[in-house]
Amino acid sequence: MRDIHLNGYIDDEAWFGDEITPEALHGMLYPDGEEAHGDLRIFLNSYGGSCNAAVRMFDDLHAYPGSVHIIVSGTAASAATVLAMAADRLEMTPGSLWMIHDPGVMVWGNERDLEEAVRLLRACKESILNVYGRRCRKTRDEISAMMRNTTWMDAGQALQEGFIDGMIDMGSGILNAAFSHETSLADAKAKAQNWLDRRRPIRGASASAAASDPQASQSPGTPVIQLQKRLALITPTKR
């Protein structure tokens, strides 16, 4: 069995150096272009990111011919929970956290643009519910309500609610202590919020460039037309 460690934000491209991209994951699944071999055990610690990238990674993992065992060690928040649903067996260590919420976007435009963004957000949420429904035993309406309320869960609650298959203890002999992470709820919330906060300068700079030069390139996700390409970003909702 091969071990893979996924630690970072999920995005379509690498901007800050701490992202997990679909291309990077594919390279880990099929190193040096080789055919897949053997089963996988993936240690996941991610505070979320791009829904579009997470769905691509879900599909890649789901298509992997071997068995995929994902262990959340630290945090699986937002888009990371979508990726995790591809596991044949999904477990969390006792000190880990799980978070689901409604997708969100940063967008500018006219009334029609904003209406289109709302439609895309609703479509994004429906796609996420489709993924959660493959494993979770709760009704679609119940999961939707949990997403709307931005629900944080420890491993015990995530198991009780049906999002994971089990809890795995450090004393089981399966895990190496060096790969197990624990985090506080406050720290996890702050790092999930960081996904939104740190992207604001990119979008702001792009908007300024566009104002002075209509031909200036736009950063991904700023105008609504880009949302149609990337679908939507899952970001924490301030309440």
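How many of the residues of strand 4 (residues 40–46) are buried? In this predicted model, seven of its seven residues are buried, and the strand is accordingly described as mostly covered. In a regular strand the side chains alternate between the two faces of the sheet. For strand 4, both faces are covered, with Leu-40, Ile-42, Leu-44 and Ser-46 buried on one side and Arg-41, Phe-43 and Asn-45 buried on the other.

Strand 4 has pairing partners in strand 1 and strand 5. With strand 1 (residues 2–7), strand 4 pairs in the parallel sense over six bridges, and within this pairing Asn-7 has Asn-45 of strand 4 as its bridge partner. With strand 5 (residues 68–77), strand 4 likewise pairs in the parallel sense, over six bridges, and here the bridge partner of Phe-43 is Ile-71 in strand 5. The connection from strand 4 to strand 5 passes through helix 2 (residues 51–63), giving a β-α-β crossover that is right-handed.

The geometry of the connecting helix was then examined. At 1.5 Å a residue, the 13 residues of helix 2 should span 18 Å, and this expectation agrees with the separation of 18 Å between its end C-alpha atoms. At the N-terminal end, helix 2 is capped by Ser-50, a side-chain oxygen of which lies 3.3 Å from the backbone nitrogen of Asn-52. Asn-52 is itself buried, and the buried residues of helix 2 further include Cys-51, Ala-53, Ala-54, Met-57, Phe-58, Asp-60 and Leu-61.

How values were computed
Residues are numbered from 1 along each chain as its sequence is written. This is a predicted model: local features need pLDDT of at least 70, side-chain atom pairs count only at pLDDT 80 or more; totals for chains, interfaces and linings use all residues. Side-chain values use heavy atoms; hydrogens and water are left out. Buried means under 20% relative accessible area, exposed over 50%, partly exposed in between (1.4 Å probe, protein chains only). Helices (H or I, at least four residues) and strands (E, at least two) are DSSP runs, numbered from the N terminus. Two strands pair if DSSP finds at least two bridges between them. A crossover is right-handed if, with the strands pointing away from the viewer, the path from the first strand over the helix to the second runs clockwise. The expected span of a helix is 1.5 Å times one less than its number of residues. A polar contact is a pair of N or O atoms within 3.5 Å; within protein, one must be able to donate a hydrogen and the other to accept it, and residues adjacent in sequence count only if both atoms are side-chain atoms.
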